[in-house]
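Work through the exercises below with the sequence and the model open. Each task is followed by a solution in steps.

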Amino acid sequence: MAPEIASLVPYKPGKPIEELERELGISGAIKLASNENPLGPSPKAVEAMAQALGGLHRYPDGAGYVLRAALAQRYGLPQEQIVLGNGSNEIIEFLCRAFIRPGDQALAAAPSFLMYSKLVQVAGGRLKEVPLKDFRLDLAALQEAIEPRTRLVFLNNPDNPAGTAFSGQELQAFLDQTPPGVLVVLDEAYIDFAGDPAVAQGPEFLGHATPLVVMRTFSKSYGLAGLRIGFALAPLEVAGLLHRVRQPFNTSILAQVAGAAALADEEFLQKSRELVWQGLQDFYACFERLGLSYVPSQANFVLVRIGPRAGEVAEELLRRGIIVRKMGSYQLPEHLRISVGLPQENQRFIRQLTAILEG
Ligand SMILES: *Cc1c(COP(=O)(O)O)cnc(C)c1O
């Protein structure tokens, strides 16, 4: 067996609610662990899918015309520059397949989204990691880490798991200094939650001489994580390569119609953002009361430092029916990552965390 495959560590996703409830013999558990949208899916997307059900005996439109047309209009780009993925994770896979040859290198921050290293490794490449600095992407150090065999640089903005974000100016400076032959990949899974207007908006930089791929997803802000639909905005030549390596029917009929409908659901998007912003404020107030340090977030989750007992506290929260994300696999064993839930879920977490730490 190929050693680079045998040495892969399987991804450990957050525990599904049903599994936890079975294990503990409880009901009414809540999940604040996977950065999902607690409001559910965009209602417009649900309606569009209901109407499309009768057509499921057909193969999907391999070109994804309806969704790509909607995205083209939204971003003012020709459709040829838009690539759909079965989740934006699949776009990462296309990028690795198209640009990483055995022995090539990619760069990302550490800790960072675990799929980058996995998919680079599957393609026979190696991911070089550059530590976060004060929980922010260290763009200068990333720049310095570029080597002749570096093909891809993954920039996650806002960043998972830190929740921090860099500005448009910082992105501009980074692109200006990036040598030719390197493709910059901007993963904007959480961009819709960024409340700070200075946060870089990738689509504004697509015209830069340095090739840039912007990845976005319907999984988070549109509440469609279970459907698997995301997309890339890319220079024409890069998009052409990504289209060559994808399967013709990589996104389903339901995903395509739901994506197009969700994109028009401004009301849902705004509601989602406001829910997140209020939830973060409530979390911050709780952490300050408890004397815990945390990383102010531009995303729909927050990283909080519990201390050496973080693992125990997470287990105790689990027993009380609250699933949060332990950060051991992200090299932050003293931290927990908490996704914003519904107001009553956030309050339940706040009450239980307070009881555990003060009890
Ligand atoms: C959630 C998330 C995504 C979204 O992945 P999908 O495949 O679109 O669901 C992408 N990148 C990061 C860093 C994420 O946390």
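## Exercises on the backbone, the ligand site and the cavities

Pro158 is located in the loop that runs between β5 (150-156) and α8 (168-177). The model is a predicted one.

**Exercise 1.** Determine whether the peptide bond that joins Asn157 and Pro158 is cis or trans.

Solution.
- Step 1. Take omega for the bond between Asn157 and Pro158: the value is about -10°.
- Step 2. Assign the bond as cis.
- Step 3. Repeat for the bond from Ala110 to Pro111, where omega is near -5° and the bond is cis as well.
- Step 4. Place Pro111 in the chain: this proline is in the loop between β3 (105-110) and α6 (114-122).

**Exercise 2.** Find the sign of phi at Asn35 and the element in which Asn35 is found.

Solution.
- Step 1. Read phi of Asn35, which is near 60° and hence positive, in a residue that is not glycine.
- Step 2. Locate Asn35 in the loop between β1 (30-31) and α3 (43-52).

**Exercise 3.** Identify the pocket in which the ligand sits, and describe its lining.

Solution.
- Step 1. Assign the ligand to the second largest pocket.
- Step 2. Take the volume of the second largest pocket, about 570 Å³.
- Step 3. List the lining: it has 28 residues, and those closest to the centre of the pocket are Tyr11, Ser34, Asn89, Phe113 and Lys220.
- Step 4. Look for the element that gives the most to this lining; helix α5 (residues 88-99) does, with 3 residues.
- Step 5. Sort the lining of the second largest pocket by class, which yields 10 nonpolar, 11 polar and 7 charged residues.

**Exercise 4.** Describe the shell of residues around the ligand and the polar contacts that ligand oxygen atoms make.

Solution.
- Step 1. Collect the residues with a heavy atom within 4 Å of the ligand. The shell holds 13 residues, and Tyr190, Thr217, Ser219, Lys220 and Arg228 are the closest.
- Step 2. Split the shell by class: 3 residues are nonpolar, 7 are polar and 3 are charged.
- Step 3. Apply the cut-off of 3.5 Å for a pair of N or O atoms. An N or O atom in the side chain of Thr217 is 2.5 Å from a ligand oxygen atom.
- Step 4. Add Asn160, with a polar side-chain atom 2.8 Å from an oxygen atom of the ligand.
- Step 5. Add Asn89, where a polar backbone atom is 2.9 Å from a ligand oxygen atom.
- Step 6. Compute the cover: on its own the ligand has 390 Å² of accessible area, and the protein covers 94% of this.

**Exercise 5.** How many cavities of 30 Å³ or more does the structure hold, and which residues line the largest cavity?

Solution.
- Step 1. Count the cavities at that threshold; there are 2.
- Step 2. Take the largest cavity, with about 40 Å³ of space.
- Step 3. Name residues of its lining, among them Asp61, Arg68, Leu84, His243, Arg246 and Gln256.
- Step 4. Divide the lining of the largest cavity into 2 nonpolar, 6 polar and 3 charged residues.
- Step 5. Turn to the second largest cavity, of about 30 Å³. Arg136, Leu137, Asn157, Thr164, Ala165 and Phe166 line this cavity.
- Step 6. Classify the lining of the second largest cavity: 3 nonpolar, 2 polar and 1 charged.
- Step 7. Connect this with Exercise 1: Asn157, in the lining of the second largest cavity, is joined to Pro158 by a cis peptide bond.

How values were computed. Residues numbered from 1 in each chain as written. Predicted model: local features only at pLDDT ≥ 70, side-chain atom pairs only at ≥ 80, totals over all residues. Heavy atoms only, no water. Polar contact = N/O pair within 3.5 Å; in protein donor to acceptor, adjacent residues only side chain to side chain. Areas by Shrake-Rupley, 256 points an atom, 1.4 Å probe, with all protein chains shown as cover. 1 Å grid on protein atoms, 1.4 Å probe; cavity = no way out; pocket = protein on both sides within 12 Å on 5 of 7 lines; lining within 4 Å. Sits in = over half its atoms within 2 Å of the grid points. Nonpolar A, V, L, I, M, F, W, Y, C, P; charged D, E, K, R; others polar. Points joined across faces, edges and corners; volume = space filled by probe spheres on them. Helix = DSSP H or I, 4+ residues; strand = E, 2+ residues; numbered from the N terminus.
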